Each structure stands twice: as structure tokens, then as C-alpha cells.
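Me: I'd love a close look at one part of this model, the place where protein and DNA meet. Could you take me through it at an unhurried pace?

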Amino acid sequence: MQHDLFDTRAAGPGEPRPLADGAWHLPGFALEGELALLAAVAAISAAAPFRQMDTPGGYRMSVAMSNAGSLGWVSDAHGYRYATIDPLSGQPWPALPECMLQLAQAAAAAAGFAHFQPDACLVNRYAPGSKLALHQDRDERDFSAPIVSVSLGLPAVFLLGGLRRSDPTQKVLLQHGDVVVWGGPARLRYHGVSTLKPGLHPLLGAQRINLTLRRAA
DNA sequence: AAGTACCA
DNA sequence: CCCT
């Protein structure tokens, strides 16, 4: 049976793979810095614990979220927005760790987006069963900066659609250390993550952590 | 699919 | 509206 789910990766980084005009899969791009990234995630979640946010429609997201940087993405009954203060702690979000900034800039450059200056990192924690429905990232002030997405822990199927929700999606298997970058003509493409399958990752156990770096302001 | 309540 |  033919399937369209690419499995890249041997042991290390692979060749950048174009997904669409302005969208790239960088297999293993974050592997070299994995330990620093994991330590940074631990520090972030100690200050700004993961929490499942509510949607304006009255549902609770299955993915647990935290943020680092001067702005953090939040959702509640009133809507989606970026906030300077973590509504859970009442404190500013933890600073964007240097290792995340460096990685995001290098990945953006590798995908053809120079001078990426992210000011926000949304940290998503997927437990088995968690998913993220198809959506666009449109709460940022300008769409000229790309989105850089870093996958850690359990593998997941990333769905990349088009500019309309009804456009067909391609499935991309994202493994620990993979990075996806989309910007330019792909910046507003719909995207999502299929339901996470159970499993145990050697470093992270039964979870997937996704870092999404963006310029919000 | 439409509700939700916000907003481009 | 990244939700069901």
C-alpha cells in the first residue's frame, strides 16, 4: 500500500526538504542542542507551568501550553491574543532562552528567512491523545516573519494545508529534533497535529514538546 | 456544520 | 478563532 508519510532520518540531521513554497522540513536540525533545549523547557515550565487553555467556544484544548519571551499566546473565553503577563502566575513570561533564539534564527536562515527576530515562544505539550485542529497563526502583528516549529519527544504527524481550510493537507512525520519553518507565501497556511499516539521517548517519556517561535509584535 | 463572540 |  502506497502512503504519503515521509520518514526521513537516519541518525542525524538530513537535507532540508521543501514542503511548499516558503515551507521547509529540516530533519534533525535541533538534535545538536537537544539537551540545552530540554533544560530550557524545564526552566520555563517551572516558572510558567503548562496549562490547558479554554477556547472562546467554551472547550478546553487537549494540548497543554506555556510561553517564553516578552509575549505569550493565550486563549480563554474572551478569545485568542498575546499577553505580556502569564494569567496563571500573574508574572511576566520567562525570558526567551538564548538556545531557542539561536536555533530559531539558524533554522529560519536555513529556510531562506534572514534576520528573524522572534519575541515569543509558545511551548506546547502533547500527551498521548492530544491533538491540534487545523488552524492559521494569525494573532501576530505582521506576517512577514516566519514561524519556526521545533519537535521534541514522541513523534507526531504534522498536517500542512493551504490558505483555505478546505485545501488538501500533506502529512509530515515529525520526530525528535526536527524543525519545520513556514513563512512568506506559506505564512498563513492552515496547519495542525494529528492525535498523538502512545509511546515512550528515551529522553521525554510519554510526551511530545513542541516549541513554536514567532514574532508576535 | 454551526455555534461562539470577537474583529479585520 | 487553534474547539466539538
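Which element gives the largest share of the surface near DNA strand C? Please start there and then follow the residues outward.

Reply: Happy to. Please keep in mind that this is a predicted model.

The answer to your opening question is strand 8, which contributes 4 residues, the largest share of the surface near DNA strand C. In total, 14 residues surround DNA strand C, and those that come nearest are Y80, A133, H135, D139 and R165. As for the DNA side, 62% of the atoms of DNA strand C within 4 Å of the protein belong to sugar or phosphate, and the rest belong to bases.

Some polar side-chain atoms can be paired with particular DNA atoms. For K131, the partner is a phosphate oxygen of DNA strand C, at 3.3 Å. Two other residues face bases: a polar side-chain atom of D139 lies 2.8 Å from a base nitrogen of DNA strand C, and one of W73 lies 3.0 Å from a base nitrogen of that strand.

D139 and W73 are worth taking together. Their side chains make a polar contact with each other at 2.8 Å. D139 sits in the loop between strand 8 (132–135) and strand 9 (147–153), while W73 is found in strand 5 (residues 72–76). With the DNA left out of the calculation, D139 is partly exposed, at 32% relative accessible area. W73, at 10%, falls under the 20% limit and therefore counts as buried. Beyond its close sequence neighbours, D139 is in contact with W73, Y80 and Y82. The corresponding list for W73 includes M53, M61, M65 and N67, as well as Y80, R81, Y82, L122 and D139.

These residues also turn up in a record. An unreviewed UniProt entry annotates W73, Y80, R81, Y82, D139 and R165 as "binding site". These positions span 93 residues in sequence and their farthest two C-alpha atoms are 23.1 Å apart, so they do not all gather at one spot. Even so, W73, Y80, Y82, D139 and R165 are among the residues lining the largest pocket.

From Y82 we can step across to another annotated set. The side chains of Y82 and R214 are joined by a polar contact of 2.6 Å. R214 belongs to a second "binding site" annotation from the unreviewed UniProt entry, which covers N124, R125, Y126, R208, I209, N210, L211, T212, L213 and R214. From this set, N124, Y126, R208, N210, T212 and R214 take part in lining the largest pocket.

R214 lies in strand 14 and is buried, with a relative accessible area of 5%. Its contacts away from its sequence neighbours include Y82, L122, D137 and E140. L213 is also in strand 14 (residues 208–214), and is buried at 0% relative accessible area. Among the residues in contact with L213 are L96, M100, A104, V148, V150 and C121.

That last contact raises a side point about cysteines. C121 is buried, at 0% relative accessible area, whereas C99 is partly exposed, at 26%. The cysteine sulfur closest to that of C121 is in C99, 9.4 Å away, which is too far for a bond. The count of disulfides comes to 0.

Methods:
Residues numbered from 1 in each chain as written. Chains lettered and ligands numbered in written order. Predicted model: local features only at pLDDT ≥ 70, side-chain atom pairs only at ≥ 80, totals over all residues. Heavy atoms only, no water. UniProt positions renumbered as here; feature names shortened; annotations may be inferred. 1 Å grid on protein atoms, 1.4 Å probe; cavity = no way out; pocket = protein on both sides within 12 Å on 5 of 7 lines; lining within 4 Å. Helix = DSSP H or I, 4+ residues; strand = E, 2+ residues; numbered from the N terminus. Buried < 20%, exposed > 50% of the residue type's maximum accessible area, 1.4 Å probe, protein only. Contact = heavy atoms within 4.5 Å. Polar contact = N/O pair within 3.5 Å; in protein donor to acceptor, adjacent residues only side chain to side chain. Disulfide = S-S within 2.5 Å. Near = heavy atom within 4 Å. Lists of a residue's contacts leave out its neighbours within four places in sequence.
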